[in-house]
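Okay, thanks everyone, let me get the picture up. I'll go through it residue by residue where I can, so keep the viewer open.

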Amino acid sequence: MRQDRFLTAILAGIGILMLLSLSLYFLRRVDLTYGAEDTPSGVLRNYIIALQKRDVERAYTYLANQDNKPTLAAFRAPLESYLYRELSTTAVRIVEESLQGDEATVTVQLVRGQNQPFNTPFRETQTATLVRQGGAWKISSAPYPYWAYEWYAPEPVKPVTP
């Protein structure tokens with residue numbers, strides 16, 4: 001009889017811990033909202049949020065107008081083929097912003113994981129570069145997986161047929 005009460009208390013404690021952990025999990029989920037775009041780090045943050053929300057058109061508007069800027073279709077292709085998988089396992093934190101006239105560097109810390117138990121996340125620090133165009137900050141490069149090489153890769157040379 002005494003063991004039954006002890007077992008019941010243990011099961012009740014486990015149940016309370018499960019309810020507490022589930023409620024904390026669902027309450028901590030924050031809806032990603034766009035912020036101000038008057039700083040380079042604000043533009044980069046909104047770009048990352050747009051990619052995480054799969055709002056490709058909005059993300060595309062944050063790209064700098066460069067000579068080899070991809071078309072919207074070329075921008076969308078790697079996102080749909082492999083980058084969305086990478087984005088789902090990558091967290092980013094903006095660390096520092098450095099301004100030099102119309103150019104800016106934003107240092108970010110990336111944490112990548114494989115969504116597997118007992119997997120140690122990989123941490124690295126990289127930079128994104130932005131330029132001021134028409135009074136607005138635009139992204140000229142960002143760290144992978146928020147940037148794909150093929151967006152700005154040179155066109156392959158086609159062999160000349162005689």
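Right, start with Glu57, which is partly exposed at a relative accessible area of 42%. On the wording, buried means under 20% relative accessible area, exposed over 50%, and partly exposed in between, with a 1.4 Å probe and protein chains only. Before I go on: this is a predicted model, so local features need pLDDT of at least 70 and side-chain atom pairs count only at pLDDT 80 or more, while totals for chains, interfaces and linings use all residues. Residues are numbered from 1 along each chain as its sequence is written, and side-chain values use heavy atoms, with hydrogens and water left out.

So who does Glu57 pair with? Its side chain meets that of Arg76 in a salt bridge, 2.8 Å from N to O. That pair links distant parts of the chain, with Glu57 in helix α3 and Arg76 in helix α4 (residues 72-88), 19 residues apart. Arg76 is partly exposed too, with a relative accessible area of 24%. By salt bridge I mean a side-chain nitrogen of Lys or Arg within 4 Å of a carboxyl oxygen of Asp or Glu.

Let me zoom out for a second. The chain has 5 helices and 4 strands, and along the sequence they run α-α-α-α-β-β-β-β-α. Helices here are DSSP runs of H or I with at least four residues, strands are runs of E with at least two, and both are numbered from the N terminus. Of the 162 residues in the chain, 31% are buried.

Back to the charges. How many salt bridges does the structure hold? There are 4, and another one of them joins the side chains of Glu37 and Arg58, at 3.2 Å from N to O. This pair also connects distant parts of the chain: Glu37 sits in the loop between α1 and α2, Arg58 in helix α3, 21 residues apart. Glu37 counts as partly exposed at 37% relative accessibility, and Arg58 is partly exposed at 27%.

Arg58 has a second contact. Its charged end sits over the ring of Tyr34, 3.5 Å from the ring centre. The criterion is NZ of Lys or CZ of Arg within 6 Å of the ring centre and within 35 degrees of the ring normal. Tyr34 lies in the loop between α1 and α2 and is partly exposed, at 25%. Tyr34 and Asn46 are 12 residues apart in sequence but 5.5 Å apart in space, C-alpha to C-alpha.

Arg54 does something similar: its charged end sits over the ring of Tyr84, 4.0 Å from the centre. Where is Arg54? In the loop between α2 (40-52) and α3 (56-61), and it is exposed, with a relative accessible area of 53%. Its phi is near 60°, a positive value in a residue other than glycine. As background, most residues other than glycine have a negative phi, and most peptide bonds are trans. On that second point, have a look at Tyr144 to Pro145: that peptide bond is cis, with omega near 15°. Pro145 is in the loop between β4 and α5 (149-152).

Now the strands. β3 (residues 122-133) and β4 (residues 136-141) pair in the antiparallel sense over 5 bridges; two strands pair if DSSP finds at least two bridges between them. Leu130 has Ile139 in β4 as its bridge partner. The two strands form a hairpin with 2 residues between them, and Gly134 in the turn has a positive phi of about 60°.

Also in that region, Arg132 forms a salt bridge with Asp102, the closest N and O atoms being 3.2 Å apart. Again distant parts of the chain are linked: Arg132 in strand β3, Asp102 in the loop between β1 (90-100) and β2 (103-112), 30 residues apart. Arg132 counts as partly exposed at 36%, and so does Asp102 at 48%.

Last stop is helix α1 (residues 2-28), where you'll find Ile14. Ile14 is partly exposed at 43%. What does it join on the surface? A nonpolar patch with Phe6, Leu7, Ile10, Leu11 and Met18, about 610 Å² of accessible area together. Patch members have over 30% relative accessible area and no salt bridge, with like charges joined within 9 Å and nonpolar side chains (Val, Leu, Ile, Met, Phe, Trp, Tyr) within 5 Å. Areas are Shrake-Rupley with a 1.4 Å probe, and for residues only the protein chains shown count as cover.

That's my tour, over to you.
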